[in-house]
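Subject: Structure handover

Hello,

Here is the structure for you to look through. Please open it beside this email, and then read on for what was found.

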Amino acid sequence: LTPAIIRGLKGRSVAGVAAGLLHTVVWTAGGELYSCGCGHGGQLGHGDFRNRNVPTLVRALRGRPVIGVACGHYTTLVWTRDNELFSFGIGGHGQLGHGDEQDRGLPKRIASLESVRVAGIACGGFHSIVWTEDSQVYSFGIGFDGQLGHRDRRARSSPTAIAELKGCRVVQAACGEFHTLILTAAYEVFSFGCGTYGQLGHGDVLNR
């Protein structure tokens with residue numbers, strides 16, 4: 001019950017880490033992606049649904065240097081140096097962004113975002129957020145509590161621009177299981193989604 005070095009990563013120059021509910025993802029300075037943990041939804045990216053108990057190279061992304069990762073409960077989003085955005089894992093609420101609700105065990109590029117310059121990614125339990133260099137914020141996945149920011153409770157299976165945030169230069173986003181926070185370059189913080197415990201910060205317990 002004490003911190004222990006992951007010896008399976010010895011000798012690798014780790015650049016970043018991310019974690020879902022039951023899985024772990026690590027990327028290196030050279031852009032290699034490793035994953036371990038629960039794989040029953042395909043969120044490890046190895047083309048199967050098996051668990052891994054040591055960090056295992058995601059071979060499907062070899063040659064595509066990874067620079068960022070975000071994990072939902074059972075999903076993984078991967079952003080590469082060549083501005084490609086891939087997703088894999090459970091897609092039951094559309095959170096993979098491929099226009100359907102299929103699970104995927106291998107990384108698949110999100111086609112509708114191929115023409116945009118990605119600036120950052122974030123994931124909640126079952127929803128995903130992508131912001132771009134041209135000041136657009138896209139959301140997809142479950143929307144029951146309003147966490148997608150589209151003034152309704154509908155799920156989206158394809159990345160959809162949030163109209164109210166158009167033109168805002170986003171520098172960071174963070175997601176809880178059912179809510180979303182957006183930080184802009186103007187030092188403004190926006191929140192939306194489930195507010196049952198006051199987590200939206202608006203002085204009440206309402207969803208927005």
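By class, the residues that line the largest cavity are six nonpolar and two polar, with no charged residue among them. This is a predicted model, so please keep that in mind throughout. The lining is made up of Ile6, Thr24, Val25, Val26, Tyr34, Ser35, Cys36 and Pro55. Which elements give two or more residues to it? They are strand S2 (23-28) and strand S3 (33-37). The volume of the largest cavity is about 30 Å³. The count of cavities of 30 Å³ or more is one.

Next, the largest pocket. About how much space lies in it? The figure is about 230 Å³. Its lining has 13 residues. Gly149, Ile162, Glu164, Ser191 and Phe192 are the ones nearest the pocket centre. By class, the lining of the largest pocket holds four nonpolar, five polar and four charged residues. Set that beside the lining of the largest cavity, which has no charged residues.

Now the cysteines. How many disulfides are there? The count is zero. A disulfide needs two cysteine sulfur atoms within 2.5 Å. Take Cys38 to begin with. The closest cysteine sulfur to its own is in Cys36, 11 Å away, so the two are too far apart for a bond. You have met Cys36 already, in the lining of the largest cavity. Is Cys38 buried or exposed? Cys38 counts as buried, because its relative accessibility is 13% and the cut-off for buried is under 20%. Then look at Cys175. Its sulfur has its closest cysteine sulfur in Cys123, at 6.9 Å, and that is also too far for a bond.

On to the aromatic rings. The count of aromatic pairs is zero. A charge does sit over one ring, though: Arg153 lies over the face of Phe144. The distance from the ring centre is 5.5 Å.

Last, find Gln43. Where is it in the chain? Gln43 is in the loop between S3 and strand S4 (52-57). S3 is one of the strands that help to line the largest cavity. Gln43 is buried, with a relative accessible area of 0%. Also look at Gln43 together with Lys108. These two residues are 65 residues apart along the chain. Their C-alpha atoms are separated by 12 Å.

Best wishes

Key:
Residues are numbered from 1 along each chain as its sequence is written. This is a predicted model: local features need pLDDT of at least 70, side-chain atom pairs count only at pLDDT 80 or more; totals for chains, interfaces and linings use all residues. Side-chain values use heavy atoms; hydrogens and water are left out. Buried means under 20% relative accessible area, exposed over 50%, partly exposed in between (1.4 Å probe, protein chains only). On a 1 Å grid over the protein atoms alone, a cavity is a set of points where a 1.4 Å probe fits but cannot get out, and a pocket is an open set with protein on both sides within 12 Å along at least five of seven lines; lining residues have an atom within 4 Å of a point. Grid points are joined across faces, edges and corners, and a volume is the space filled by probe spheres set on the points. Ala, Val, Leu, Ile, Met, Phe, Trp, Tyr, Cys and Pro count as nonpolar, Asp, Glu, Lys and Arg as charged, and the others, Gly among them, as polar. Rings of Phe, Tyr and Trp (its six-membered ring) pair if their centres lie within 6.5 Å; planes under 30 degrees apart count as stacked, over 60 as edge-to-face and the rest as tilted. A charge sits over a ring if NZ of Lys or CZ of Arg is within 6 Å of the ring centre and within 35 degrees of the ring normal. Helices (H or I, at least four residues) and strands (E, at least two) are DSSP runs, numbered from the N terminus.
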